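Biologist: Could you show me the model, so that we can talk through its inner spaces and its cysteines?

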Amino acid sequence: MKTKKLINAGADAVDEMLQGILAAHPDHLYAVEDMPRAIIARNGPRKGKVGLVIGGGSGHEPTFLGYVGKGLADAAAIGNVFASPPPDPIMACARAVDGGAGVLFMYGNYAGDVMNFDMAAEMLALDEIEVRTVLTTDDVASAPSDQGEKRRGVAGNVFIFKVAGAACDLLYSFDEVERAARHANARTYTMGVALSPCSLPQTLKPNFQIGEDEMEIGMGIHGEPGTARGPLKSADVVTDELMDNILREMKADRGDRVAVLVNSLGSTPMMELYIMMRRVKARLDDAGLIIHTSLVGNYCTSLEMAGASVTLMHLDDELRRLIDHACDCAMFKR
């Protein structure tokens, strides 16, 4: 069975989306000339500042484009739907944001992204542009805790990019920006649940199958297998399962502060997200944890997939300051 989408041609969907984003947000964003998949912040890059380049496949909007702007990422390299950007737009981004203090690459831990961003970094070194990389690995369902380096980067990107972007904007040294980014990643935990599949513009067919009365805990944002599939349960029971796994890993003390994200995977409405947020708050109250900031909505999606994820960042004084630092992006502002 084919799905329905408001597109023209599947092969044109990404480029036409980018044209629309640039038309909607000209004060925030522009594309490198002759490189439409390299999107740059108008008010981000400057001399003496570490440049922050994020990126990955399309289909996760507002990740990555929505987080390009002053105080957050300086540029985003955009790939096809669920596919890594090739090295050329990555290099174009790095050159556009290089202020002489180094360029930090940040993106989710996926093989294609690692290969292409690493290739770009090697070629940029020939131009004497120093590049370092911090992978995001917040998906607790994607590997055991003793293999954290194998985990995927998912909705926790929002908080992790926010911390790194603030450190760049505050003119931290390259070493300190990298340290803050790694620290943020190490204290961010996400777990999600999928209820129905999405479909790619090119195929208009579901990218996985799941029963009408089923859910899958821990499924990835591209449809990667989760940890358990079973009958659909109530919002409180599902949220408890996600929170149990996150809190077990986080090992926070009573009185600690957290940043919370309840994220739609695409088609899950705000009503359901706020029902989950209600339960997240109850669980945090029971654990004696204080919500410092909270986000609810579409922040890291998977096209029209139904489902949601919960992210907690375990804050300390530094992370709290960086999370609170002002930013002004096309789709996100603090």
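**Cavity and cysteines**

Modeller: The residues lining the largest cavity divide into eight nonpolar, five polar and one charged. Here Ala, Val, Leu, Ile, Met, Phe, Trp, Tyr, Cys and Pro count as nonpolar, Asp, Glu, Lys and Arg as charged, and the others, Gly among them, as polar. This is a predicted model, where local features need pLDDT of at least 70 and side-chain atom pairs pLDDT 80 or more, while totals for chains, interfaces and linings use all residues. Residues are numbered from 1 along each chain, and side-chain values use heavy atoms, without hydrogens and water.

Biologist: Which strand gives the largest share of that lining?

Modeller: Strands are DSSP runs of E, at least two residues, numbered from the N terminus. Four lining residues come from one of them, and that is strand β8 (residues 188-196).

Biologist: How much space lies in the largest cavity?

Modeller: A cavity is a set of points on a 1 Å grid over the protein atoms alone where a 1.4 Å probe fits but cannot get out, and lining residues have an atom within 4 Å of a point. Points are joined across faces, edges and corners, and the volume is the space filled by probe spheres set on them. For the largest cavity this comes to about 110 Å³.

Biologist: Why is C300 too far from the closest cysteine sulfur for a bond?

Modeller: A disulfide needs two cysteine sulfur atoms within 2.5 Å. C300 is buried (under 20% relative accessible area, 1.4 Å probe, protein chains only), at 1%. Its closest cysteine sulfur is in C198, and the separation is too far for a bond because it is 12 Å.

Terms used:
On a 1 Å grid over the protein atoms alone, a cavity is a set of points where a 1.4 Å probe fits but cannot get out, and a pocket is an open set with protein on both sides within 12 Å along at least five of seven lines; lining residues have an atom within 4 Å of a point. Buried means under 20% relative accessible area, exposed over 50%, partly exposed in between (1.4 Å probe, protein chains only).
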